[in-house]
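Hello,

Here is the structure I promised to pass on to you. Have a look at it first, and then read on for what turned up in it.

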Amino acid sequence: MVAARARRVLAISSLTFLGRSYPATCLQWYQHPTEEQLQVLAGKQQKAKSKKERKYNGHIETKPLTVPKDINLHLEAKSITEMDTRVLHYFPEYQWLVDFTVCATVVYVITEVYYSLTNPRNEMNISIVWSLLVLIFVFKVLFSLTTHYFKVEEGGERSVCITFGCFFFVKAMAILIVTENYLEFGLETGFANFSGGAVQFLEKQGLQSQGPVSKLTFKMSLAILCGFIGAFLTFPGLRLAQMHLDALNLAKEKLTQTLLHVNFLSPLIMVLLWVKPITKDYIMNPPLGKESIPLMSESTYDSLRLWIIIALCVLRLALIRQHLQAYLNLAQKSIEQMKKEAGRIGTKDLQKMVARVFYYLCVIALQYVAPVIMLLHTTLLLKTLGHHSWGLLSEPSYMSPKEITEASNSVKSSTLVANESKKLTVAQITMALDGLQNVFTPLLFRGLLSFLTWWIAACLFSTSLFGLFYHQYLTIA
């Protein structure tokens with residue numbers, strides 16, 4: 001009974017997701033008018049009848065009812081109820097993603113508290129598995145949404161996805177050749193540590209190898225992944241730009257408008273956090289006279305960067321209601337735009353124009369929420385797998401590259417002792433697992449996850465900026 005009640009609450013409140021305690025009844029949607037209402041507004045008081053016309057070949061064709069486009073129509077606003085959400089396209093996927101993300105985040109927080117109190121050494125962090133599952137589900141949802149654009153024969157959505165995917169692929173290849181003096185990811189150090197550890201691990205197993213993959217293959221594979229991520233985030237970014245403009249028009253308070261601007265620029269802020277000349281070098285070594293006194297240590301800056309990303313993700317989730325309401329208002333906005341046009345429109349077409357706005361609400365909500373979830377849990381994985389710390393004033397709790405190398409050498413020597421035994425024991429299996437830990441080191445995860453976090457933010461800002469330019473200057477008002 002408790003589980004059923006909890007699921008009912010989630011069904012009602014999941015349209016506003018996390019962060020603010022807004023019930024779904026705060027969201028207003030517009031109901032399409034019936035044919036009788038349209039006929040009354042058009043001045044046709046008589047009983048509704050379909051006009052018919054006879055073709056030359058003798059067949060009778062039903063002519064659809066039409067009304068003037070400048071009809072005096074005002075849509076009726078209704079609050080979203082639980083029954084309304086059941087007919088929404090992609091609502092089960094949206095609710096499942098929301099529920100699982102909440103559970104995974106709670107598990108992560110509890111695990112972090114547990115590790116900070118007990119500081120275990122040889123226990124697997126179960127929150128890593130939960131965060132990985134969240135990312136898998138997010139990719140699945142974004143892939144499912146993108147495939148719908150490829151199924152549409154008309155409209156150009158398929159061409160837009162392919163164009164942006166190729167653009168981001170080329171952009172990723174260009175970014176990957178930029179020296180780390182400008183973009184501080186640690187990919188070069190992480191890949192070198194990965195290759196060296198893999199070669200030594202294979203040698204201990206009696207295999208001769210120069211490494212699992214070459215640097216070119218590694219970067220090419222990463223660029224292909226970045227191209228797919230860019231294609232998946234194309235329409236979420238374009239949609240966000242339109243919702244941002246509409247939300248600004250609805251916002252009346254200066255504070256809300258400021259938060260909306262910060263929310264739109266949050267991916268740019270995340271991108272700049274990894275640009276060394278602009279942020280890290282300036283903060284750690286500010287030009288204060290002849291001597292430069294660092295304001296914070298490198299570990300403190302890494303922790304501060306994690307907190308900034310999480311705060312910006314929370315801000316975006318907190319403003320979801322304003323953006324969804326701005327999207328729902330597109331129904332009334334379309335009617336007002338239609339009134340400025342001349343001619344007539346079919347009643348069925350007018351009803352579809354209004355109804356499809358609410359019908360695709362969960363698709364828009366997924367496009368808004370999924371990138372934020374991806375950013376959030378990629379950042380959480382960066383903290384955990386990269387052995388970073390949450391503390392801004394405490395000493396770093398993760399190992400430096402030198403300490404990682406020393407620990408790797410100590411494990412390798414113990415692996416040699418274990419290999420002298422001819423029997424397969426638990427100790428040998430443990431040493432083999434330790435050897436894999438020397439291959440997939442925190443240095444590798446820091447570089448890889450830092451780059452992916454930066455890339456997701458860069459894709460979101462690029463697509464939303466293009467969408468802002470398109471909706472501001474290229475669309476006909």
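**Two loop residues with positive phi**

Tyrosine 90 is a buried residue, since its relative accessible area is 7%, under the 20% that marks the limit for that class. Please keep in mind that this is a predicted model. You will find tyrosine 90 in the loop that joins helix H3 (82–85) to helix H4 (91–118). Its backbone deserves a look too: the phi of tyrosine 90 is near 70°, a positive value in a residue other than glycine. Most residues other than glycine have a negative phi.

Histidine 387 is another case, with a positive phi of about 55° although it is not a glycine. This histidine 387 sits in the loop between helix H16 (361–385) and helix H17 (401–419). Is histidine 387 buried or partly exposed? Its relative accessibility is 32%, so histidine 387 counts as partly exposed.

**The protein as a whole**

Stepping back, the protein has 19 helices and six strands. It has 477 residues, and 45% of them count as buried. The accessible surface comes to about 26000 Å², and carbon and sulfur atoms hold 63% of that. If you take the contacts with a separation of 6 or more, 81% of them are between residues 24 or more positions apart.

**A covered helix and a buried asparagine**

Helix H13 (residues 320–328) is a good place to zoom in, as it is mostly covered. How many of its nine residues are buried? The count for H13 is eight. They are Ile320, Gln322, His323, Leu324, Gln325, Ala326, Tyr327 and Leu328.

One of these, His323, is also a contact of asparagine 263. Leaving aside residues up to four places away in sequence, asparagine 263 touches Leu315, Arg316, Leu319, His323 and Tyr368. Asparagine 263 itself belongs to helix H10 (residues 254–272). With a relative accessibility of 1%, asparagine 263 counts as buried.

**Cysteines**

What does a search of the whole structure find in the way of disulfides? The number found is zero. Cysteine 459, for instance, is in no disulfide: the nearest cysteine sulfur belongs to cysteine 226 and is 7.0 Å away. A pair of sulfur atoms has to be within 2.5 Å to be counted, so this one does not qualify. For cysteine 459 the relative accessibility is 0%, so it counts as buried. Cysteine 362 is buried as well, and its relative accessible area is 0%.

**Cavities**

Last, the space inside. Rolling a probe the size of a water molecule over the atoms shows where empty space is left. Here the count comes to five cavities of 30 Å³ or more. I looked into the second largest cavity, which has a volume of about 80 Å³.

Which residues line the second largest cavity? They are Ile175, Leu176, Val178, Thr179, Glu180, Leu183, Phe185, Leu187, Glu188 and Lys219. By class, this lining has six nonpolar, one polar and three charged residues. Helix H6 (157–176) and helix H7 (187–204) each give at least two residues to the lining.

Enjoy exploring it, and do write back with anything you would like to go over.

Best wishes

Technical notes. Residues numbered from 1 in each chain as written. Predicted model: local features only at pLDDT ≥ 70, side-chain atom pairs only at ≥ 80, totals over all residues. Heavy atoms only, no water. Helix = DSSP H or I, 4+ residues; strand = E, 2+ residues; numbered from the N terminus. Buried < 20%, exposed > 50% of the residue type's maximum accessible area, 1.4 Å probe, protein only. Contact = heavy atoms within 4.5 Å. 1 Å grid on protein atoms, 1.4 Å probe; cavity = no way out; pocket = protein on both sides within 12 Å on 5 of 7 lines; lining within 4 Å. Points joined across faces, edges and corners; volume = space filled by probe spheres on them. Nonpolar A, V, L, I, M, F, W, Y, C, P; charged D, E, K, R; others polar. Areas by Shrake-Rupley, 256 points an atom, 1.4 Å probe, with all protein chains shown as cover.
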